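User: Please take a close look at the salt bridges in this structure. I would like to know which side chains pair and where they sit.

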Amino acid sequence: MFSKSKINEPGPNADAAKPATPAAPAPSSAPKSSEFKASAPKAKPPASILSADLHVTGNMKTTGDIQVEGTVEGDIRAHLLTIGESATIKGEVVADDVVINGRIVGRVRGLKVRLTSTARVEGDIIHKTIAIESGAHFEGSVQRQDDPLNSGAKQPAPQAAAPKSD
């Protein structure tokens, strides 16, 4: 009901503009539809939070943000992934932005990867940019790639093509 009244509110305002010029309502109705479309992408949902007492077994995938404070046994794919100090991830992590405060056992892929002083990472990190604070614990290799999120799919393809041509 409230959304209908909001749609109807610009109508009377447009009617009030009619005495000024008859062409005014047509341009005002065009911005009305673009305003509605513009407001939908602006409403970004809050990050999903997995509390410290939560244990998840399985893979997770979202286009949004995740904050992990508990334990995850499985792969995680997200836009922004924040690993809390009490969190433990056992699996591959793929995200545009990865902030690691806790423990990860597995590969990390991200455009921006940040290991804070409390981070504990056992596995390879593939990144575009990386920041490692003093005190962070890291065992594995670090590799810079321009497109670390999709490079995993590109590498097996040439290997698969080579045996076919032999």
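Analyst: Glu 92 is a good place to start: at a relative accessible area of 24%, Glu 92 is partly exposed. The model is a predicted one, and the values here are computed from it.

Glu 92 pairs with Arg 109, with the closest N and O atoms 3.4 Å apart. This salt bridge links distant parts of the chain, as Arg 109 is in strand β10 and Glu 92 in the loop between β7 and β8, 17 residues apart. Arg 109 has a relative accessible area of 4%. Buried means under 20%, so Arg 109 counts as buried.

Glu 92 also meets the side chain of Arg 107 in a salt bridge, at 3.9 Å from N to O. Here, too, distant parts of the chain are linked: Arg 107 is in the loop between β9 (103-105) and β10 (108-115), 15 residues from Glu 92. Arg 107 is partly exposed, its relative accessible area being 36%.

Another salt bridge is formed by the side chains of Glu 133 and Arg 114, at 2.9 Å from N to O. Glu 133 lies in the loop between β12 (125-132) and β13 (137-139) and Arg 114 in strand β10, so this pair ties together parts 19 residues apart in sequence. Glu 133 is partly exposed at 31% relative accessible area, and Arg 114 is partly exposed at 38% relative accessibility.

Salt bridges with shared partners join Glu 92, Arg 107 and Arg 109 into one network. The count of salt bridges comes to five, and the pairs described above are among them. As for the background, side chains of opposite charge can pair when their charged atoms come close.

Notes. Residues numbered from 1 in each chain as written. Predicted model: local features only at pLDDT ≥ 70, side-chain atom pairs only at ≥ 80, totals over all residues. Heavy atoms only, no water. Salt bridge = Lys/Arg side-chain N within 4 Å of Asp/Glu carboxyl O. Helix = DSSP H or I, 4+ residues; strand = E, 2+ residues; numbered from the N terminus. Buried < 20%, exposed > 50% of the residue type's maximum accessible area, 1.4 Å probe, protein only.
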